[in-house]
Amino acid sequence: MSGGMDLKNEVLNTGVCALCGACLDWCPYIKNIEDHLVLSFDCNVPQGRCYSLCPRTFTDWAAVNERYLADTPRSVEIGAYFKVYKVQAKKSIEGQQNGGTVTHLLKILLEEGLVERVLLTSSDDAISPTALLTKDVAELEKSTGSRFLAAPSFRKLITAQEEGVESLGVVGRPCQIQAVRKWDFNKRPERPAIDLICIGLFCMWSLNWDFKDFLAARFPNDEVVKIVMLEDGIELVTKSGSSHISAEEIRPYTRPAGCNYCLDMTAELADISVGAFEIDPGWNTVVIRSSKGQDLFDKAISRGYLVVEDYPEGELNRLKNASMGKKIRNFKNILAAEARGIKPFIDLDSAEYTQIRNLAEGAVK
Ligand SMILES: Cc1cc2nc3c(=O)[nH]c(=O)nc-3n(C[C@H](O)[C@H](O)[C@H](O)COP(=O)(O)OP(=O)(O)OC[C@H]3O[C@@H](n4cnc5c(N)ncnc54)[C@H](O)[C@@H]3O)c2cc1C
């Protein structure tokens, strides 16, 4: 029984908003101003959709996981998964971020009529994110690459619903996949159902939009072509060359609260999750989480779109360690926020978090 004012008090005004965009455009009161959202008018709706789909309002995540991934073995580190692969597109596609796997999975979705539309985050300048709901493969092929500025692109969920879309493929950061699952999980029976397939992206952080001002000041009269994430920062590729920007320089621009409370690096509620394969940049890491994800992956291989290799054991350990590192760091942040009076969006005492909590509390000592 919570609505817009609760969203305002618990999420928008506390800075825990992840800017997934899923709450936008359902009502005229929530406005997006660059990289933050505001409630422009006091809302008296007692049961708001905005509150019910927000990934930062209290959620029984175990129940959500059970609904979509009940048949999949679960790991504490990277959630439910059947298998992890090293993957790349057989034929690379211009602008692809890593191995081009995501674009080829989406191509299969549209070409084989598995979904009516896909929801993407595109860009006109390789950095500013724009939401795109499309059925056009050519548009999809122009939307390759990662936009590291936080993008409220899931605002287009309402467009899909209003256009009567019955099947939808979404690509999103972990918070966005959480939002779309909550949207479906909490859907009222009288609302039309949309058959979803969720492609999740790995995500350690996304950036506030003033990062663009930083780039404009540091590289005047230049144009961004691509941003490549590195372990110690980013490689910025512009029209005039390539530069290294250190993690220290980037840190002031990472979303301080929105990302620092996130326990999910690998989009654990997706049907299939995709990230970089760090030791070989032209490849992806692919995590298969559901039979839907497996079917899509198998189709992309049998069509000859993707090349697959076994995942090295050492890399799987590294992936799990990186994911656990994020969970432990951010669990500590959630505990600290609770101590400051910010309502946690997870059940801190749930058995699901025991190991993470123990490690987080041990790390504090
Ligand atoms: C903010 C952010 C942080 C990331 N952090 C990590 C990380 O720490 N470690 C890691 O291994 N991988 C990370 N990734 C994922 C990585 O950058 C690639 O997206 C992934 O490896 C897929 O590569 P690809 O070549 O298959 O993608 P492509 O085939 O080039 O397709 C990219 C797809 O991503 C979608 N997209 C682009 N930007 C966004 C966005 N902001 N939100 C939602 N969808 C988007 C586009 O719609 C496009 O369909 C991050 C991605 C983002 C957007």
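This passage describes the main sheet of a predicted model, the helices that pack around it, and three residues in loops.

The sheet is open and consists of eight strands, arranged in the order 7-6-8-9-13-14-5-15 with mixed pairing. Strand 7 (130–134) and strand 15 (306–310) stand at its edges; each has a single partner strand, so one side of each is left without a neighbour in the sheet. From one strand to the next, the twist averages 25°. In general, the strands of a sheet pair through backbone hydrogen bonds, in either a parallel or an antiparallel sense. Both senses occur here, as the pairs described below illustrate.

At one edge, strand 15 runs antiparallel to strand 5 (residues 83–89), and five bridges join the two. Within this pair, V87 has V308 of strand 15 as its bridge partner. Helix 10 (residues 291–302) packs on the sheet, where it touches strand 9 (195–201), strand 13 (272–276), strand 14 (284–288) and strand 15. The direction of helix 10 makes about 135° with that of strand 14.

Parallel pairing is found around strand 8 (residues 167–172). Five of the six residues of strand 8 are buried, so this strand is largely enclosed by the rest of the structure. Strand 8 pairs with strand 6 (residues 117–122) in the parallel sense over three bridges, and in this pairing G169 of strand 8 stands opposite V118. Strand 8 also runs parallel to strand 9, to which six bridges join it; here V171 has I199 in strand 9 as its bridge partner. Together with helix 7, strands 8 and 9 make a right-handed β-α-β unit.

Helix 7 (residues 174–185) also meets helix 3 (residues 61–69). A pair of packed helices is described by the angle between their axes and the distance between the axes. For helix 3 and helix 7, the axes come within 11 Å and cross at roughly 80°. Helix 3 is therefore roughly perpendicular to helix 7, given that angles from 65 to 115 degrees fall in this class. On the side of helix 3, V64, R67 and Y68 take part in the contact, and they meet R181, K182 and F185 in helix 7. Classified by residue type, this contact has three nonpolar and three charged residues, but no polar ones.

Three loop residues were also examined. D25 lies in the loop between helix 1 (4–12) and strand 1 (30–33), and E34 is found in the loop between strand 1 and strand 2 (36–39). Neither residue is a glycine, yet D25 has a positive phi of about 75° and E34 has a positive phi of about 45°. D25 is partly exposed, since 18 other C-beta atoms lie within 10 Å. E34, with 12 C-beta neighbours inside 10 Å, counts as exposed, because the cut-off for this class is 12 or fewer.

The third residue, D222, has its place in the loop between helix 8 (211–218) and strand 10 (224–230). D222 is partly exposed, with 15 other C-beta atoms within 10 Å. When neighbours within four places in sequence are left aside, D222 is in contact with T238, K239 and S240. In addition, the C-alpha atoms of D222 and G241 are separated by 9.4 Å, although these two residues are 19 residues apart along the chain.

Key
Residues are numbered from 1 along each chain as its sequence is written. This is a predicted model: local features need pLDDT of at least 70, side-chain atom pairs count only at pLDDT 80 or more; totals for chains, interfaces and linings use all residues. Two strands pair if DSSP finds at least two bridges between them. Helices (H or I, at least four residues) and strands (E, at least two) are DSSP runs, numbered from the N terminus. Axes are lines fitted to C-alpha atoms, for helices over the stretch in contact, and angles run from 0 to 180 degrees between N-to-C directions. Two residues are in contact if their C-beta atoms, placed from the backbone, lie within 7 Å. A residue is buried if 20 or more other C-beta atoms lie within 10 Å of its own, exposed if 12 or fewer, and partly exposed in between; C-beta atoms are placed from the backbone. Angles under 35 degrees count as roughly parallel, over 145 as roughly antiparallel, 65 to 115 as roughly perpendicular and the rest as oblique. Ala, Val, Leu, Ile, Met, Phe, Trp, Tyr, Cys and Pro count as nonpolar, Asp, Glu, Lys and Arg as charged, and the others, Gly among them, as polar. A crossover is right-handed if, with the strands pointing away from the viewer, the path from the first strand over the helix to the second runs clockwise.
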